[in-house]
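Colleague: Please walk me through this model, one feature at a time. I work at the bench, so give me the general idea and then the case.

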Amino acid sequence: MTEKALRLGTRRSKLAMAQSGQVADAVSQVTGRPVELVEITTYGDVSREHLAQIGGTGVFVAALREALLRGEVDFAVHSLKDLPTAQHEGLVVAAIPEREDPRDVVVARDARKLTDLPRGARIGTGAPRRMAQLNAYARTHGMEIETVPIRGNVDTRIGYVRSGELDAVVLAAAGLNRVGRIDEVTDFLSVDTVLPAPGQGALAIECTADNADLIAALAELDDPFTRAAVRAERSLLAALEAGCSAPVGALADLLADGQTVKEMRLRGVVGTTDGSTLVQLSTTGPVPETHEAAMALGRELATEMLAQGAAGLMGERAH
């Protein structure tokens, strides 16, 4: 007799289905059990409001978590950047697999790069974080751009460029990779130009805290370096008391000497959406060996950023 299939709760979007399908295959390999996808519609999927208005944090996550707690699914896959920073009672993130490319990318008309866009170019993005950094970059490089708030799936967003409504859109490289559309990218943005969202490119596999066997099986998919990096990034976000619709960028990366990983560098940025004010700092320390050490790295950088005036920038929300 074959074992009962594990039920994986996923959002219905093409991207969510693609990344959940990849996780399902991996989980099936480590458990030897079939995995079936259970599609769940979340508030963030049906609301037509801008993410900054509906609160950003958790709008794609709550329905999946409710299904987990009700026992309708065994585990769920989230884009880590959508996950609220506070731990959810009764649930545990059992695995954070190795991260995809964390960078943001441009899809522009006429295969243009960011620096080749025409004067007054209209660039679409749903993220105040991207707006703040793109506008700041434009200011310091003598470019004239207009950032336009958009939402919708990958098809919708790229469609604005194809129809000529926008000159370019900015998306996450990881998402385009997962849906097999990375070849449409016209420019990969260096993290020195635009720092990604905390946790961007990483997935979180969550299940109930009392399912010890499943937690142990899922743990085989965990990547300790990715977990330490995103923990530091999310700790920074939490210490700045910002939701995921706030204009905060963060990236922790590993600094290696040859083959030996020596240190972790954490960079953070917060700014006004018009790009007129940006607080951007970084800190470097030993690679965190524990949950607490990773959290401390994020808190330490947040404290420095707050001392430089980051708190005053957090209050501004994109309207």
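Colleague: How do I read a salt bridge, and what is the N to O distance between R130 and D104?

Modeller: A salt bridge here is a side-chain nitrogen of Lys or Arg within 4 Å of a carboxyl oxygen of Asp or Glu. R130 and D104 meet that rule at 2.8 Å, N to O. R130 sits in helix 5 and D104 in strand 5, so the pair ties together parts that are 26 residues apart in sequence. Keep in mind that this is a predicted model: local features need pLDDT of at least 70, side-chain atom pairs count only at pLDDT 80 or more, and totals for chains, interfaces and linings use all residues. Residues are numbered from 1 along each chain as its sequence is written, and side-chain values use heavy atoms, with hydrogens and water left out.

Colleague: Are R130 and D104 buried or exposed?

Modeller: Buried means under 20% relative accessible area, exposed over 50%, and partly exposed in between, with a 1.4 Å probe and protein chains only. R130 is buried at 5%. D104 is buried too, at 0%.

Colleague: How many salt bridges are there by this rule?

Modeller: The count comes to 22. Among them, E72 pairs with R70, with the closest N and O atoms 2.5 Å apart. E72 is partly exposed at 39%, and R70 is exposed at 53%. Another joins R103 to D101 at 2.9 Å. R103 is partly exposed, at 29% relative accessibility.

Colleague: Which residues are linked in a network of salt bridges?

Modeller: K14, D155, R162, R181 and E184. Look at R181 in that network. R181 lies in the loop between helix 7 (173-178) and strand 9. R181 counts as buried, at 17% relative accessibility. From R181 to V154 is 27 residues in sequence and 9.2 Å in space, C-alpha to C-alpha.

Colleague: Back to R130. How do I read its helix?

Modeller: Helices are DSSP runs of H or I with at least four residues, strands are runs of E with at least two, and both are numbered from the N terminus. The expected span of a helix is 1.5 Å times one less than its number of residues. Helix 5 covers residues 128-140, 13 in number, and reaches 18 Å from first C-alpha to last, close to the expected 18 Å. Eleven of its 13 residues are buried. They include P128, M131, L134 and Y137. Just after helix 5, G142 has a positive phi of about 65 degrees.

Colleague: And the sheet? In what order do the five strands come?

Modeller: Two strands pair if DSSP finds at least two bridges between them. The order is 7-6-8-5-9, in an open sheet with mixed pairing. Strand 7 (145-149) and strand 9 (187-188) are at the edges with a single partner strand each, so one side of each has no neighbour in the sheet. Strand 6 (121-125) runs parallel to strand 7, joined by five bridges. T125 has P149 of strand 7 as its bridge partner.

Colleague: Where should I look for positive phi in residues other than glycine?

Modeller: Look at D110, with phi near 55 degrees, and A111, with phi of about 55 degrees. D110 is in the loop between strand 5 (104-108) and strand 6, and so is A111. D110 is exposed at 63%, and A111 is exposed at 60%.

Colleague: Now the nonpolar core. Which residues have the most contacts inside it?

Modeller: In soluble globular proteins, nonpolar side chains tend to be buried together. A nonpolar core is a set of buried Ala, Val, Leu, Ile, Met, Phe, Trp, Tyr and Cys residues joined through side-chain atoms within 4.5 Å. The largest one has 19 residues, and L236, L240 and M305 have the most contacts inside it. Elements giving two or more residues include helix 9 (224-239), strand 12 (260-271), strand 13 (278-286) and helix 10 (291-307). Helix 9 gives the largest share, five residues.

Colleague: How do strand 12 and strand 13 pair?

Modeller: They pair in the antiparallel sense over nine bridges. R265 stands opposite T284 in strand 13. The two strands form a hairpin with six residues between them, and G275 in the turn has a positive phi of about 80 degrees.
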